[in-house]
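Reader: I would like to go through the labels used for this model and see what each one rests on. Please set the values against the cut-offs.

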Amino acid sequence: MKDNNISLDAEFSRELLGKMKVIRFVEEGIADRYPKGTMRCPTHLSIGQEAAAVGVGAALTDEDLAVSSHRAHAHYMAKGGDVKAMLAEIYGKEAGCCGGKGGSMHLIDRAVGFTGSTAIVGNSIPLGVGLGLSLQLKKSKNISVTYFGDGSVEEGSFYESVNFAVVRNLPVLFVCENNFYSVYSPLSVRQPKDREIYKMVEGLGVRTSIADGNNIEDTYRSAKNAVEYIRTHGGPFFLELTTYRWREHCGPAFDNHIGYRTEQEFEEWRSKDPIFNYEAILKERGFITEGEINQMDSEILDRVNADFEFAENAPFPNEKNAYTGLYATN
């Protein structure tokens with residue numbers, strides 16, 4: 001059940017805004033630089049979806065474990081991942097979080113509990129459940145979080161994972177970012193008319209909830225309630241977050257011209273910009289001024305540009321290390 005009375009003070013509210021801005025500025029920086037051809041890997045951006053990642057990430061601790069899918073940048077950063085290491089990874093550099101071997105879709109920062117992302121749709125969901133099992137066996141109070149999109153709930157691995165988590169009462173938070181499209185296919189051609197994903201999943205025996213994934217406070221409160229439920233009861237929870245990506249499925253461009261979504265639909269969702277709208281809310285509450293927003297933007301942009309400069313100038317891996325670190329050692 002939702003507890004909408006979770007209070008957010010001015011400092012914490014500004015922190016949420018700042019974290020969303022970091023993600024936005026980093027990903028816009030990727031989009032601006034990608035055409036240069038120096039990032040030699042596919043990249044999936046979450047511009048427009050920042051509140052979903054930040055709201056959930058803010059409800060977690062560093063000791064909680066998280067896995068994600070191909071659209072992982074925002075989850076990595078919201079969990080506290082090293083931005084320099086992420087950008088270096090996208091550039092294929094030795095300083096990357098996977099040594100430059102994984103690229104955009106394979107990110108890890110174990111220092112903050114981000115235990116990896118994988119490219120195949122639905123592939124990381126069983127990994128998140130396995131992490132939940134390991135936490136249960138260790139009698140840990142921490143939880144496992146697995147992020148995925150609406151397309152993943154059409155994979156057999158999703159149903160098997162939820163079933164196992166329910167049967168074993170595992171401390172797993174399933175986070176579905178429903179942006180209504182799987183590549184170029186809308187929900188209407190993939191799932192029955194009027195299906196509500198969280199209600200369908202509830203039929204599998206797991207507690208579920210839905211929140212506005214473009215509203216940072218609704219997302220945070222819903223995630224906080226879900227996390228507290230898991231810590232108290234030990235069982236899994238499914239959280240659906242409705243949101244919308246602005247850019248193309250894979251790549252830095254806008255793609256409304258190819259016809260799978262209308263410009264009107266895009267503009268309607270763009271008007272729900274989680275960052276712009278939250279700025280207005282915080283100004284109305286007296287939590288932040290226009291001058292403080294400008295200062296925040298300037299400071300974040302300076303840090304982000306420095307991180308890009310680091311990644312661009314970092315050395316490539318030595319070819320002798322191409323086959324090291326591929327398998328666990330004793």
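Reader: What makes the pair of side chains Gln49 and Glu177 a polar contact?

Author: A note before the answer: the model is predicted. The side chains of Gln49 and Glu177 make their polar contact at 3.5 Å. The rule asks for a pair of N or O atoms within 3.5 Å, so the pair qualifies.

Reader: Why is Gln49 called buried?

Author: The relative accessible area of Gln49 is 1%. Buried means under 20%, so Gln49 is called buried. Gln49 is placed in the loop between H1 and helix H2 (50-57). Apart from neighbours within four places in sequence, the contacts of Gln49 are Arg71, Glu177, Asn179, Thr243, Tyr244 and Arg245.

Reader: Lys79 is buried; why is it listed with no salt bridge?

Author: The nearest side chain of opposite charge is that of Asp62, 4.9 Å from Lys79. A salt bridge needs a side-chain nitrogen within 4 Å of a carboxyl oxygen, so Lys79 has none.

Reader: What does the side chain of Lys79 have for a polar partner in the backbone?

Author: A polar atom of the Lys79 side chain lies 2.8 Å from the backbone oxygen of Asp64. Lys79 itself sits in the loop between helix H3 (73-78) and helix H4 (83-90). Beyond its neighbours within four places in sequence, Lys79 is in contact with residues including Leu60, Thr61, Val112 and Phe114.

Reader: What makes H4 a largely enclosed helix?

Author: The count decides: 7 of the 8 residues of H4 are buried, so the rest of the structure largely encloses the helix. Those buried in H4 are Val83, Ala85, Met86, Leu87, Ala88, Glu89 and Ile90. The buried residues of H4 pack against helix H1 (10-33), H3 and helix H11 (290-313).

Reader: How do you know that Asp82 caps the N-terminal end of H4?

Author: A side-chain oxygen of Asp82 lies 2.9 Å from the backbone nitrogen of Lys84. The cut-off for a polar contact is 3.5 Å, so this distance is within it. Just after H4, Gly92 has a positive phi of about 75°.

Reader: How many salt bridges does the rule give?

Author: The count comes to 14 salt bridges.

Reader: What makes Asp273 and Arg24 a salt bridge, and why is the pair said to tie together separate parts of the chain?

Author: The closest N and O atoms of Asp273 and Arg24 are 3.0 Å apart. Asp273 lies in the loop between helix H9 (263-270) and helix H10 (274-285), while Arg24 lies in helix H1, so the pair ties together parts 249 residues apart in sequence. Both Asp273 and Arg24 are buried.

Reader: Which salt bridge does Asp150 form, and which parts of the chain does the pair link?

Author: Asp150 meets Arg190 in a salt bridge, at 2.5 Å from N to O. Asp150 is in the loop between strand S3 (144-149) and helix H6 (156-167), and Arg190 is in the loop between S6 and helix H7 (197-202), 40 residues apart. The relative accessible area of Asp150 is 1%, under the 20% limit, so Asp150 counts as buried.

Reader: How do you know that Glu217 and Arg221 form a salt bridge, and where do they lie?

Author: Their side chains meet at 3.6 Å, N to O. The limit is 4 Å, so the pair passes. Both residues belong to helix H8 (residues 216-233), 4 residues apart, about one turn of the helix. Glu217 and Arg221 are both buried. Elsewhere, Lys21, Glu279 and Asp297 are joined into one network by salt bridges that share partners.

Reader: Why is the phi of Asn169 pointed out?

Author: Most residues other than glycine have a negative phi. Asn169 is not a glycine, but has a positive phi of about 55°. Asn169 is found in the loop between H6 and strand S4 (172-178). At a relative accessible area of 38%, between the 20% and 50% limits, Asn169 is called partly exposed.

Reader: Which sign does the phi of Val183 have, and what makes Val183 partly exposed?

Author: Phi of Val183 is positive, near 60°, in a residue other than glycine. The relative accessibility of Val183 is 33%, between 20% and 50%, so Val183 is partly exposed. Val183 lies in the loop between strand S5 (181-182) and strand S6 (185-186).

Reader: Which nonpolar surface patch does Val183 help to make?

Author: Val183, Tyr184 and Ile258 make a nonpolar surface patch of about 250 Å². Patch residues need over 30% relative accessible area, and Val183 at 33% meets that cut-off.

How values were computed. Residues numbered from 1 in each chain as written. Predicted model: local features only at pLDDT ≥ 70, side-chain atom pairs only at ≥ 80, totals over all residues. Heavy atoms only, no water. Patch = residues over 30% accessible without salt bridge, like charges linked within 9 Å, V, L, I, M, F, W, Y side chains within 5 Å. Areas by Shrake-Rupley, 256 points an atom, 1.4 Å probe, with all protein chains shown as cover. Helix = DSSP H or I, 4+ residues; strand = E, 2+ residues; numbered from the N terminus. Buried < 20%, exposed > 50% of the residue type's maximum accessible area, 1.4 Å probe, protein only. Lys, Arg positive; Asp, Glu negative; His and termini not counted. Polar contact = N/O pair within 3.5 Å; in protein donor to acceptor, adjacent residues only side chain to side chain. Contact = heavy atoms within 4.5 Å.
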